[in-house]
Amino acid sequence: MNMNLSKVILGTVQFGLDYGINNSNGKPSFEECFNILNKSFDFGITTLDTAEVYGDAHNIIGNFHKRNPFKKFKIITKVPHGIVLDDIQSKVEQYLKELEIESIEVLMFHSYDTYIQNYNNINKFERLINKGFINSIGVSVYTNEQIESILADKRITVVQLPFNLFDNETKRGETIKKLKLSGKAVHTRSTFLQGLFFKEINDLSSFFHPLKEQLEKLNELSEKYNISISKMALAYSLKQNNIDQVLIGIDSIKQLEDNFLAFQYQLDEKLMLEINAITIENDEFLNPALWK
C-alpha cells in the first residue's frame, strides 16, 4: 500500500447531492456508493468527510458500516449553520447512530461564521471530547485572514482550507506553515476546484473567461510533463509536507482507480515550481460559492 493513501480523505457530498461543475452523471446509486467505499477501504483510504446537509450521505455510510463491521472509516462530519449548541450532545448522539460508529474523528464547524457565532460556547464541544463522543474540533475556512484569527484558539485542532493548482503554495504556503507551528492539523479540500480544471475552455461560461490563460497553462504543463491534469492536481496537494490530509471527491469506481495511479506519482520539482508560479488575482474564482 502506498503511504500517501493515509493522507487521503474521501469526500461524500456527491453520495447525497448532485455536486460539482464537471459532474454530468448526477449522484451515484446506493450500490455504486457501497462499491466506492469498499474499494477505497481496500486501497487504504480510511477517513471520510461528510455532513448532515449532504443529503443521505450519513445513512449511506451507516448502512455500509452495518454491513461491513470490519471496514469502519474514521469520520469527519460538520455541524450545520444555525446549530443550537444546547442541543449539540443529542445531535452528536444522532450522528453516531446514523453513521454506526463509536466516536467522531473531527466534529467541524461548517463555516468560519458558524465558528464565530459559537465562539463562547465551544466548551460544549470540549465536553463531548471528554465523554469520548468526538476526538477533535475543527473549522472549515476560506481565507487566510480567517485562518490568522483561529491560530491562537487552542480548542480548534483541525483546520480545513482550499488548496489546489490555482489556490496554491504561493497563495497558501506561509499561512499553512503558521497553522503547523500552532500545532494544528491541516486538511485541504477543493483539490480539483470542483472539476473546473477538467472543463473544455471553450465550454466555460463568460464568467470564467478571465481564467483562460491559467487554464491553458495547465493544459500546457500537462503536455510538457506528460501527466493528466487530475493526476497533477492530486499529486501536487499530496506532495506538500505541511498538509496532513487531502480531501477528494469521487463519483465512480473508474475515477477512484484513476486517482489511485496519482497517489503513487511523484511530481517533478520543476513542475512544482511552474505550478507555484500560477497566480489568480481575483479570489472570487477560487471560491465556488461565489461563482456566477
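User: Happy to start with a single residue: is glutamate 100 buried, partly exposed or exposed?
Analyst: Good place to begin, and do keep in mind that this is a predicted model. Glutamate 100 is found in the loop between helix H4 (88-99) and E4. Its relative accessibility is 28%, and buried would require under 20% while exposed would require over 50%. Glutamate 100 therefore counts as partly exposed.

User: What is the phi of glutamate 100 near?
Analyst: Most residues other than glycine have a negative phi. Glutamate 100 is a residue other than glycine, yet its phi is positive. The value is near 60°.

User: Which loop residue that is not a glycine has a positive phi of about 55°?
Analyst: Look in the loop between E7 and H9. The residue there has a relative accessibility of 24%, so it counts as partly exposed. The one with a phi of about 55° is glutamine 194.

User: Let's move to the overall fold. In what order do the eight strands close into a barrel?
Analyst: The pairing in this barrel is parallel, and the twist averages 30° from one strand to the next. The ring is closed where strand E1 (residues 8-11) joins strand E8 (residues 245-249) through four parallel bridges. The order is E1-E2-E3-E4-E5-E6-E7-E8.

User: Where E1 meets E8, what is the bridge partner of glycine 11?
Analyst: E1 and E8 run parallel and share four bridges. Glycine 11 finds its partner in E8, and that partner is glycine 249.

User: How many of the seven residues of strand E5 are buried?
Analyst: E5 covers residues 134-140 and has a paired strand on each side. With strand E4 (residues 104-109) it pairs in the parallel sense over five bridges, and isoleucine 104 stands opposite isoleucine 134 there. Three bridges join E5 to strand E6 (residues 158-162), also parallel, with valine 158 as the partner of glycine 138. E5 is largely enclosed by the rest of the structure because the number of its residues that are buried is six.User: What is the handedness of the crossover from E6 through H8 to E7?
Analyst: E6 and E7 pair in the parallel sense over five bridges, and leucine 161 stands opposite threonine 188 in E7. The chain passes from E6 through H8 to E7 as a β-α-β crossover, and that crossover is right-handed.

User: At about what angle does helix H8 run to E6?
Analyst: Helix H8 spans residues 169-181 and lies across E6 and strand E7 (185-189). E7 is largely enclosed by the rest of the structure, because four of its five residues are buried. The angle of H8 to E6 is about 175°.

User: Which residues does threonine 175 touch, leaving out those up to four places away in sequence?
Analyst: Threonine 175 lies in helix H8. Its relative accessibility is 8%, so it counts as buried. Beyond its sequence neighbours, threonine 175 touches Asn144 and Ile147.

User: In E8, what is the bridge partner of histidine 187?
Analyst: E7 and E8 run parallel and are joined by two bridges. The partner of histidine 187 in E8 is glutamine 245.

User: Which elements do the buried residues of H10 pack against?
Analyst: Helix H10 (residues 229-238) is largely enclosed by the rest of the structure, because eight of its 10 residues are buried. Among those buried are Met232, Leu234 and Tyr236. The buried residues pack against E1, H8, helix H9 (212-224), E8, H11 and helix H12 (269-276).

User: How far apart are the C-alpha atoms of phenylalanine 263 and valine 8?
Analyst: Phenylalanine 263 lies in helix H11 (residues 253-263). Its relative accessible area is 0%, so phenylalanine 263 is buried. Valine 8 is 255 residues away along the chain, and the C-alpha separation is 8.7 Å.

User: What kind of aromatic pair do phenylalanine 64 and phenylalanine 73 form?
Analyst: The whole structure holds 15 aromatic pairs. In this one the ring centres are 5.9 Å apart with 50° between the planes, and both phenylalanine 64 and phenylalanine 73 are buried. An angle under 30 degrees would count as stacked and one over 60 as edge-to-face, so the 50° pair is tilted.

User: Which residues form one aromatic cluster with Phe64 and Phe73?
Analyst: Phe64 and Phe73 are themselves an aromatic pair. The residues that join them in one cluster are Phe30, Phe34 and Phe41.

User: How far is arginine 189 from the centre of the tyrosine 142 ring?
Analyst: Another arginine makes a handy companion: arginine 155 lies over the face of tyrosine 119, at 4.6 Å from the ring centre. The charged end of arginine 189 sits over the ring of tyrosine 142, and its distance from the centre is 4.7 Å.

How values were computed:
Residues are numbered from 1 along each chain as its sequence is written. This is a predicted model: local features need pLDDT of at least 70, side-chain atom pairs count only at pLDDT 80 or more; totals for chains, interfaces and linings use all residues. Side-chain values use heavy atoms; hydrogens and water are left out. Buried means under 20% relative accessible area, exposed over 50%, partly exposed in between (1.4 Å probe, protein chains only). Two strands pair if DSSP finds at least two bridges between them. Rings of Phe, Tyr and Trp (its six-membered ring) pair if their centres lie within 6.5 Å; planes under 30 degrees apart count as stacked, over 60 as edge-to-face and the rest as tilted. A charge sits over a ring if NZ of Lys or CZ of Arg is within 6 Å of the ring centre and within 35 degrees of the ring normal. Axes are lines fitted to C-alpha atoms, for helices over the stretch in contact, and angles run from 0 to 180 degrees between N-to-C directions. Contact means heavy atoms within 4.5 Å. A crossover is right-handed if, with the strands pointing away from the viewer, the path from the first strand over the helix to the second runs clockwise.
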